[in-house]
Amino acid sequence: MHCVRKITDDLFWVGANDNRLTLFENIHPIPRGVSYNSYLLLDEQSVLFDTVDWSACRQLLENVRFLLQGRELDVLVINHMEPDHGASIEEVLIRYPKCKIISTEKSFMLMHQFGFDIDSHEQIQVTDGDTACFGRHTVAFVTAPMVHWPEAMITLDTTNGALFSADAFGSFISLNGKLFNDEVNFDRDWIDEARRYYTNIVGKYGPHVQKLIGKAAPLLDQIKFICPLHGPVWRSNIDYILDKYQHWSSYEPESKSVMIVYASMYGNTEAAAQALAAKLCERGITDIAVYDVSKTHVSYLIGEAFRVSHIVLASVTYNLGIYPVMLNFLNDMKALNLQNRTFAIVENGSWAVKSGDLMYQFLDEQMKCMTILNERLSLASSLKESQVDEMDNLADSIAANMREN
């Protein structure tokens, strides 16, 4: 049974939803699923923009067949070759043997690497400034290397203003019937998953996203729809999602807020983290999120780290080092290029309190553009009543820094 949605004249969503997959890229939890978006243009030539993951191939083929009504598929445009979008290429080509393929040079290289039999089909390589006309519709191509694969490009339909944005502007969460951003409460229900998607998948490549935004700037006033490969199609409030991407790709915080991430073996470091959260609330700082690093998947921590301005790391010492899952969080922040944040440190240890110095050293030597507050709370096994002043000083330091910056 087909399942399609009309976007605008001649353009249809023909993708699929995946509510069975538990780990995106076999690493990131997706408890609310994910969509694989593909788009079909019915012009004088029929044009399919990207395919879907192998698990959704049957649904894609049914959707395309329904809309074509016996017509041939004339053109397949591949903006991104990652298998959650490109895995069904060969199946599409088997069913439509006269179909031409439009993509970048590196994309064709990857098709061969994945073993796709494409050589019996006409292959048209495109790059920046190239265009293609399918009848009434003309599209322009802009390469988007390392957003987040080297072969990626985006395609703008200059006739209807649809931007096929590859993995940019995407999000976790299945669409489940809803397609457009104005059919969901995005700021309430979707923004955290959109941020988690961007920061964990694309976050490392902020400079490349900034470069793409610069290249696409002359086209921005033509965009009426943003058609990503995951998540809703944007047909209104486009400035909202553009602003989010500007913050995320430039590593600027979205809001003045605090996340407290604690690593606690027996609850003592957790108690200090909770006490600090209460102290901050007493100082009028209520946008606070507290996370147990051992129970929270690191992808959620990364998403939150890109949102907030201030991060408190509270870690027990473990084998004279940083608690392993806290170290994993630090390594992920480094790998994803997080910058421009202010950190405070809480350390604990029963006979050798080392975690604070080691976390400071990691932030100072291995990460970029980080501010580390001088005030530090150091615990010997547990927080003592005699340390109330130290806790107050740390809370005052965080609050003052937030007011100043």
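**Exercise 1. Determine where Tyr 318 lies and which surface patch it helps to make.**

Step 1. Strand β19, spanning residues 310-318, contains Tyr 318; strands (E, at least two residues) and helices (H or I, at least four) are DSSP runs numbered from the N terminus. The model is predicted, so local features need pLDDT of at least 70 and side-chain atom pairs count only at pLDDT 80 or more, while totals for chains, interfaces and linings use all residues. Residues are numbered from 1 along each chain as its sequence is written, and side-chain values use heavy atoms, with hydrogens and water left out.

Step 2. Tyr 318 is partly exposed because its relative accessibility is 34%; buried means under 20% relative accessible area, exposed over 50%, and partly exposed in between (1.4 Å probe, protein chains only).

Step 3. Together with Met 265 and Tyr 266, Tyr 318 makes a nonpolar surface patch of about 350 Å². Patch residues have over 30% relative accessible area and no salt bridge; nonpolar side chains (Val, Leu, Ile, Met, Phe, Trp, Tyr) are joined within 5 Å, and like charges within 9 Å. Accessible areas come from the Shrake-Rupley method with a 1.4 Å probe.

**Exercise 2. Describe the salt bridges made by Arg 196 and Arg 195.**

Step 1. A salt bridge is a side-chain nitrogen of Lys or Arg within 4 Å of a carboxyl oxygen of Asp or Glu. The whole structure has 21 of them.

Step 2. Arg 196 pairs with Glu 193 at 2.8 Å, N to O. About one helical turn separates the two, because they are 3 residues apart in helix α5 (residues 186-201). Both Arg 196 and Glu 193 are buried.

Step 3. Arg 195 forms a salt bridge with Glu 254, with the closest N and O atoms 2.5 Å apart. This pair links distant parts of the chain, 59 residues apart: Arg 195 is in helix α5, and Glu 254 is in the loop between α7 (238-250) and β17 (258-263). Salt bridges with shared partners join Asp 192, Arg 195, Lys 244 and Glu 254 into one network. Arg 195 is buried, at 4% relative accessible area.

**Exercise 3. Establish how many disulfides the structure holds, and examine Cys 57.**

Step 1. A disulfide is a pair of cysteine sulfur atoms within 2.5 Å. The structure holds 0 disulfides.

Step 2. The closest cysteine sulfur to that of Cys 57 belongs to Cys 99 and is 14 Å away, too far for a bond. Cys 57 is buried, with 6% relative accessibility.
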